[in-house]
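Here is my notebook from a session of looking things up. I kept the entries short, so please read along with the viewer open.

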Protein chains: 2
Amino acid sequence: MRHDDDLRVPVSGAQAGPGAVGGRSVTSKVLALLAAFSSESPELTLSELARIAGLTLPTAHRRAMELVQWGALERNPDGRFHIGLRLWEVASLAPRGLGLREAAMPFLEDLYEVTHENVQLAVREGLEVVYVERIAGRNAVPVLTRVGGRFALHATGVGLVLLAHAPAEIQEEILTTPLHGYSPKTVTSPVRLRQMLAATRRDGYAVSDGQVTVDALSVAAPILGPRGDVVAAVSLVVRADSAQPSALAPLVKTSARGISRTLNNRPL
Amino acid sequence: MRHDDDLRVPVSGAQAGPGAVGGRSVTSKVLALLAAFSSESPELTLSELARIAGLTLPTAHRRAMELVQWGALERNPDGRFHIGLRLWEVASLAPRGLGLREAAMPFLEDLYEVTHENVQLAVREGLEVVYVERIAGRNAVPVLTRVGGRFALHATGVGLVLLAHAPAEIQEEILTTPLHGYSPKTVTSPVRLRQMLAATRRDGYAVSDGQVTVDALSVAAPILGPRGDVVAAVSLVVRADSAQPSALAPLVKTSARGISRTLNNRPL
């Protein structure tokens, strides 16, 4: 979760203005309830919800019931809460979520039909990759990602593309923090990673060879937004032993160009 | 938007309890800001946002900036707001959204590969269909739907399946309200619609022949949840003149069974 430094938090709850009570705004409490859910815990009891959101039980109950009434949360027959369909409907309007996905989908389907391998579409959010779409071949190499899930920037193909084109301060933050090794082949040396990012910018694509799981190789290319900046990346993930990155790169780059063109004919 | 009948609205804003100010709770204001966005208006200026949400400009500004800070909203360079990626990430945990989609996707891909037609996955929300996934063939018949979009229950194939298995009070509400005709072939007679719903329950699939657009025919089948209730529907939408519903039905029913089986091996 982000910090709420900017919120005008009153010194005393008793004098709190509208929506800011007990040192924490109501908005932040409502958002904390939503943020309590995760892929590991998609269903929560009221007391779990209160604990994770850092709220008292009565406050959590009052806010959660408002969210249920609106449809942002739903309840199971056993009383546990989960994210509701109505929130999913509203969130489907996010341009970087389904907006990007709609523009990209025909090209992702083409990539999948031609290769029957894993096809992935991702954006950068802060220091991480967020996967927006994934078409997984039934017999394709297993991958760790999930739509709506996150991963480190320095290991995956899409991550390398997004990192290579990220603002300098993002690159420095990643390069000056210890890099986690997901497999024996993950590049954890900042010097070597810098070289890979330069190669990615020069070649117009990135290769992650066994750097997430040793048996998978990913080739990724950048998708450009209306202002010529890199807004997303598309990748093909194949079995490492069968892979010819130089043969896959033109395929992935062509897809990325098609998606960029489609995106820029309508508002991102 | 739903009504807030259940919310404990204070008589006077001055005595308002935490989060309920000026006759309307802060939670409901925050949710109204999110609900202001639609597929027709995915980007809004602050004044549009305030007007649609029914808030004053200062209130809309304060709440919107809290939402931006958390990532539920994002701003364009021109200052307009849109739904943020972080809300999309949280909402991707909705079991009836991406949870259902993840279980269904391999089966939807199989249906698409075999037919190269439109494949759709939908759930019922109140009196409407909500589309959770759609794979659209490049050369397939055009359809009106969009992921995250809504449609009437009485016209589409998935809608007929979901209506046929909806609670009696939902069926009565639909059948006693004038039925909108989307095409000359839309069934708008309650008597005829009742017969179609009975046939859908008897045969295990529904056919919508030109009832949304005259050139499209949809065959849909029910997906069952862990308690044996119908939780979703899958359909194949093909060109009406080329269609043989009796040949497509076994294909769609088999997919629906596969999805149901996958769903019920893990928590819905």
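**Entry 1: Leu108(B)**

I listed what Leu108(B) touches, not counting residues up to four places away in sequence: Val119(B), Leu121(B), Glu133(B), Ile135(B), Val234(B) and Ile259(B). For me, a contact is heavy atoms within 4.5 Å. Leu108(B) lies in helix H5 of chain B, residues 95-115. My helices (H or I, at least four residues) and strands (E, at least two) are DSSP runs, numbered from the N terminus. Leu108(B) counts as buried because its relative accessibility is 0%. Buried means under 20% relative accessible area, exposed over 50%, and partly exposed in between, with a 1.4 Å probe and protein chains only. I also took the C-alpha to C-alpha distance from Leu108(B) to Ile135(B): 7.6 Å in space, with their positions 27 residues apart in sequence.

**Entry 2: ground rules**

A reminder to myself that this is a predicted model, in which local features need pLDDT of at least 70 and side-chain atom pairs count only at pLDDT 80 or more, while totals for chains, interfaces and linings use all residues. Residues are numbered from 1 along each chain as its sequence is written, chains are lettered from A and ligands numbered from 1 in the order in which they are written, and side-chain values use heavy atoms, with hydrogens and water left out.

**Entry 3: chain A overall**

I found nine helices and ten strands in chain A. Of its 268 residues, 54% are buried. Among the chain A contacts with a separation of 6 or more, 53% join residues 24 or more positions apart.

I then checked UniProt, where an unreviewed entry lists "domain: HTH iclR-type" for residues 24-85 of chain A. Such annotations may be inferred rather than shown by experiment, and the positions are given in the numbering used here, with feature names shortened. Over residues 24-85, chain A is 53% helix and 13% strand, and the C-alpha atoms at the two ends are 27 Å apart.

**Entry 4: helix packing in chain B**

Two packed helices are described by the angle between their axes and the distance between the axes. My axes are lines fitted to C-alpha atoms, for helices over the stretch in contact, and the angles run from 0 to 180 degrees between N-to-C directions.

How do H1(B) and H3(B) cross? The axes of H1(B) (residues 26-35) and H3(B) (residues 57-70) come within 10 Å and cross at roughly 75 degrees. That makes the two helices roughly perpendicular. Under 35 degrees counts as roughly parallel, over 145 as roughly antiparallel, 65 to 115 as roughly perpendicular, and the rest as oblique. H1(B) brings Val26(B), Lys29(B), Val30(B), Leu33(B) and Leu34(B) to the contact, and H3(B) brings Thr59(B), Ala60(B), Arg63(B), Ala64(B) and Leu67(B). I sorted the residues in this contact by class: seven nonpolar, one polar and two charged. Here Ala, Val, Leu, Ile, Met, Phe, Trp, Tyr, Cys and Pro count as nonpolar, Asp, Glu, Lys and Arg as charged, and the others, Gly among them, as polar.

Next I took H2(B) (residues 46-53), which packs with H3(B) at an angle of about 105 degrees, the axes 9 Å apart. H2(B) and H3(B) are therefore roughly perpendicular to each other. Leu46(B), Ser47(B), Leu49(B) and Ala50(B) of H2(B) meet Leu57(B), Ala60(B), His61(B) and Ala64(B) of H3(B). The class count is six nonpolar, two polar and no charged residues.

**Entry 5: the nonpolar core**

Which residues touch the most other members of the largest nonpolar core? They are Leu34(A), Leu87(A) and Leu87(B), in a core of 120 residues. A nonpolar core is a set of buried Ala, Val, Leu, Ile, Met, Phe, Trp, Tyr and Cys residues joined through side-chain atoms within 4.5 Å. Leaving aside neighbours within four places in sequence, I have Leu87(B) in contact with Leu34(A), Leu87(A), Val90(A), Ala91(A), Leu34(B), Trp70(B), Gly71(B) and Ala72(B).

**Entry 6: residues in loops**

Phe37(A) is in the loop between H1 (26-35) and H2 (46-53) of chain A. With 4% relative accessibility, Phe37(A) counts as buried. Beyond four places in sequence, its contacts include Pro42(A), Leu49(A), Phe81(A) and, from chain B, Leu93(B).

His116(A) caught my eye for its phi near 55 degrees, a positive value in a residue other than glycine. Most residues other than glycine have a negative phi. His116(A) is in the loop between H5 (95-115) and E5 (118-125) of chain A, and at 37% relative accessibility counts as partly exposed.
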